[in-house]
Amino acid sequence: MGEYCASPEGDSALAAAAASLTFPSPSPAAAVARPRYGSCDRRYVKQVFDNLHGSISLDPLALQFVDTEEFQRLRDLKQLGLTYLVYPGAVHTRFEHSLGVYSLAGKAMNNLKMYQGEELGIDRIDMQTVKLAGLLHDIGHGPFSHLFEHEFLPRVDPGSTWSHENMSVLLLDSIVDKHAIDIEDDYLKMVKEMIIASSKSATTKSAKDKHFLYDIVANGRNGIDVDKFDYIDRDCRACGLGSNFQYWRLMEGMRVMGDEICYPAKDYLSIHKLFSTRADLHRTVYTHAKVKAVELMLVDALIAANDYLGISLHANDPEDFWKLDDTIIKSIETAPNNELKKAKEIIQRIRRRELYKFCNQYSVPKDKLEHFKNITSQDIVCSQKSSGVLLKEEDVAVSNVKIDLTRGRDNPLESIKFFKDFGCDEKFPITDDRVSHLLPAYNEDRIVRVYAKKPELVEAVSEAFENLQLRMYGEKTQVHETPKKKRMRSL
């Protein structure tokens, strides 16, 4: 034991020796040094496990954005708004969707770089920029996602051109300034351009070449992008619906030809499956009759609370906007007793499942689609003939549903270029009739649904709705009359 115990003299010698050793202290610059733009320094990379894509590696710059309060807000924005009241599993948020799009954007870029990296000149800057666009493309969504943009704001501010893409851009500028995130102006500009690439406000691309980069996250050219790849798979899984669409097949086959992403001709039906699956989700989930009933009620509640809470005013300032999320319902419920009485009553009805009563619906005839105008509550009320109840506009709610393949009445596949095989340098379009005669001849549906806000009005609203169809089309275009059982409940 004695040989392992140092004597006092030995301790003094060791102390003296230690004192003579000097270690260089890190310079201030080295202490705060961060990886350069596009760096993959593993010391700063973190792993997140996603239940859809598995392990996702977040690079240093992405982490700086993820760790901001503005991005963390996405945890309180459900991807499908109030759909979880009908599909209980649909409780996923914009947070995991954004991480998923970030991951798929990276995988798409890795595939292109692996097979065409030298040919296309893909570098670390391109990789980083596209991934950031995927991560940040949805930070501008309002409470309850698309409901805020497409249902609430048009009611309180008719003619508004507000969009979540534009707010994402404004919020991105605010985040960079507020949190002093080190990103060059040119790179930031490209990220913002990629975010709005598929919106009506898309601007001229600042990049002189590599325009295909703008088609990966939000594809304004033909609609095939990793945003759809993620939400289609994620939404189907959350709602318990099967999906035969295999996005990985398209990612493996994509090829840039003439600055445009093209696909093998054999994948034509796979691409059609992408758009048809999206349309099925719109029909069976996003615009489900009960889901729309809940949304119509929530919009009425938000409108009733707008003057007191100033909800719509927050939509114009990113500094205020990011504080809005789905918890706004709690703000309404906890407001002083004398305020927001109507809004509170509507929310209480939603919680008790006392929803607006769905009366009936019809699909707009094919030959009327081109000139169709949205039906309003006033149209229903004015179609009432004889009834024991005199309807008012505030007694009726109307939902005008549009379902298409992303291009209205046009077929999105007509704007996609294909190639024969990887040994061929020619790209070409393909028409449906060259592939199958079973594909749909029309690419858009318009469905009109009518709701009675009170059970006792179902009979009167249903009759007025039938009269409207007779007046507009000369016949009842609905599939069947409102069931007698539903009508009898109103008596």
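User: In this predicted model, which residue does the side chain of K402 meet in a salt bridge?

Analyst: A salt bridge here needs a side-chain nitrogen of Lys or Arg within 4 Å of a carboxyl oxygen of Asp or Glu. For K402, the N to O distance is 3.8 Å. The partner is D404.

User: Is K402 buried or exposed, or partly exposed?

Analyst: Buried means under 20% relative accessible area, and exposed means over 50%. K402 has a relative accessible area of 42%, while D404 comes in at 11% and is buried. So K402 is partly exposed.

User: Which helix does the salt bridge partner R278 of D404 lie in?

Analyst: The side chains of D404 and R278 meet at 3.8 Å, N to O. D404 sits in strand β6 (residues 396-404), so the pair ties together parts that are 126 residues apart in sequence. R278's helix is α12 (residues 268-286).

User: How are the axes of α5 and α10 set relative to each other?

Analyst: The axes of α5 (residues 94-120) and α10 (residues 226-239) come within 8 Å and cross at roughly 130°. That angle isn't over 145, the cut-off for roughly antiparallel, and it's outside the 65 to 115 range for roughly perpendicular. So the two helices are oblique.

User: Which residue of α10 does R234 meet in a salt bridge?

Analyst: R234 is among the α10 residues that make the contact with α5. Its salt bridge partner also lies in α10, four residues apart, about one turn of the helix. R234 is buried at 4% relative accessible area, and the partner, at 0%, is buried too. With 2.9 Å from N to O, that partner is D230.

Note on methods:
Residues are numbered from 1 along each chain as its sequence is written. This is a predicted model: local features need pLDDT of at least 70, side-chain atom pairs count only at pLDDT 80 or more; totals for chains, interfaces and linings use all residues. Side-chain values use heavy atoms; hydrogens and water are left out. Axes are lines fitted to C-alpha atoms, for helices over the stretch in contact, and angles run from 0 to 180 degrees between N-to-C directions. Angles under 35 degrees count as roughly parallel, over 145 as roughly antiparallel, 65 to 115 as roughly perpendicular and the rest as oblique. Contact means heavy atoms within 4.5 Å. Buried means under 20% relative accessible area, exposed over 50%, partly exposed in between (1.4 Å probe, protein chains only).
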